[in-house]
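Thanks, I have a short slot today. Please have the sequence and the structure open while I talk, and stop me if a residue number goes by too fast.

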Amino acid sequence: MIIGDGVRLRGIDQGDLPLFVRWLNDPEVRQYLALYAPQSNAQEEKWFENLEKLSIAEQPLMMEVWHDQKWKAIGDISFVAVDQQARNAEVGLFIGEKEFWGKGIGTQTLALMLDYGFFTLNFHRIYLRVYALNVRGIHCYEKVGFKHEGKMREAAYLDGEYIDILWMGILKDEWKRKGS
Ligand SMILES: CC(C)(COP(=O)(O)OP(=O)(O)OC[C@H]1O[C@@H](n2cnc3c(N)ncnc32)[C@H](O)[C@@H]1OP(=O)(O)O)[C@@H](O)C(=O)NCCC(=O)NCCS
């Protein structure tokens, strides 16, 4: 368990899968996730079975918030494409419970994940890709300290339009030290 102030990250259990099916079938949640087809229970079961093939660093984590006197699961965050030699990793996240968007939870969760990535997993650089249309996401990542690193022009196709994908990244030295 990775514990922050009102947000915590834990491993994913099989019992969480119905949440993923609901979240990832919501067009508003899915629109910026490069997931364009509906997701079935069977696909989520398969995804869960395949998690054991991933390294510890790449295990997805459930994002939970303290809400109504209990911990509530609201989304997912994970490192992918970990490069052991260059100590680089990509981070991806989504909040599936839409009422929790825009409340600072993405910012807090990324801060926890950067602490984990830089000071436990010893990454040197953490980066992400975001659709140029995803203004909320970009604002969140800028707040955390991710810098714009580049753009892939018209690299995705969404709702009948080609759109740009932005690369953003942060180096360990640019991230604040724990407690500083
Ligand atoms: C992207 C996401 C993880 C960000 O998490 P979040 O908790 O909503 O983000 P935060 O509240 O921490 O930060 C968002 C910032 O953007 C602002 N914002 C919200 N909606 C906005 C909008 N439509 N336009 C511009 N800014 C917006 C918020 O006010 C906040 O800034 P502030 O703290 O200065 O007021 C979350 O919204 C989400 O999961 N969205 C759906 C899936 C997704 O897009 N995943 C990411 C794919 S790269």
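I start with the ligand, in what is a predicted model. There are 22 residues around the ligand, and the nearest are Gly106, Thr107, Gly137, His139 and Cys140. Which elements give two or more residues to that shell? They are β5, α4 and α5. The biggest share comes from α5, with 6 residues. I will go through these three elements in turn.

Helix α5 spans residues 135–144, and its buried residues are Cys140, Tyr141 and Val144. Those three sit on the same side of α5, because the arc they cover around the axis is only 95 degrees. So Cys140 appears twice in this talk: it is one of the residues nearest the ligand, and it is buried in α5. What covers the buried residues of the helix? The cover includes α4, residues 105–119, together with β6, residues 125–131, and β8, residues 161–171. As for placement, α5 lies across β6 and β8 and runs at about 160 degrees to β6. Just past the end of α5 comes Gly145, with a positive phi of about 125 degrees.

Next is β5, residues 88–95. Which of its side chains are buried, and which are not? The side chains alternate along the strand. Ala89, Val91, Leu93 and Ile95 point to one face and are buried. Asn88, Glu90, Gly92 and Phe94 point to the other face and are not buried.

Now the neighbours of β5. On the β4 side, where β4 is residues 70–83, the two strands run antiparallel and are joined by 7 bridges. Ile77 has Leu93 of β5 as its bridge partner. The two strands form a hairpin with 4 residues between them, and in that turn Arg87 has a positive phi of about 55 degrees. With β6, β5 runs parallel, through 3 bridges. Here Ala89 has Ile126 of β6 as its bridge partner, and Asn88 stands opposite Arg125 in β6.

Stepping back to the whole sheet: it is open, has 8 strands with mixed pairing, and the order is β1-β2-β3-β4-β5-β6-β8-β7. At the edges are β1, residues 2–3, and β7, residues 147–158, each pairing on one side only. That brings in the third element, α4, which packs on the sheet and touches β1, β2, β3, β4, β5, β6 and β8. The direction of α4 makes about 155 degrees with that of β5. Taken together, β5, α4 and β6 make a right-handed β-α-β unit.

Last, two backbone angles in loops. Asn122 is not a glycine, yet its phi is positive, near 60 degrees. Asn122 belongs to the loop between α4 and β6. Is Asn122 buried or exposed? It is exposed, since there are 10 other C-beta atoms within 10 Å, and the cut-off for exposed is 12 or fewer. Asp159 is a second residue other than glycine with a positive phi, near 50 degrees. Asp159 is in the loop between β7 and β8. With 9 other C-beta atoms within 10 Å, Asp159 is exposed as well.

That is what I had on the ligand shell, the sheet and the loops.

Definitions and conventions. Residues numbered from 1 in each chain as written. Predicted model: local features only at pLDDT ≥ 70, side-chain atom pairs only at ≥ 80, totals over all residues. Buried ≥ 20, exposed ≤ 12 C-beta atoms within 10 Å, placed from the backbone. Arc of directions from axis to C-beta. Contact = placed C-beta atoms within 7 Å. Pairing = 2+ DSSP bridges. Right-handed = clockwise from strand over helix to strand, strands pointing away. Axes fitted to C-alpha atoms, helices over the stretch in contact; angles between N-to-C directions. Near = placed C-beta within 6 Å.
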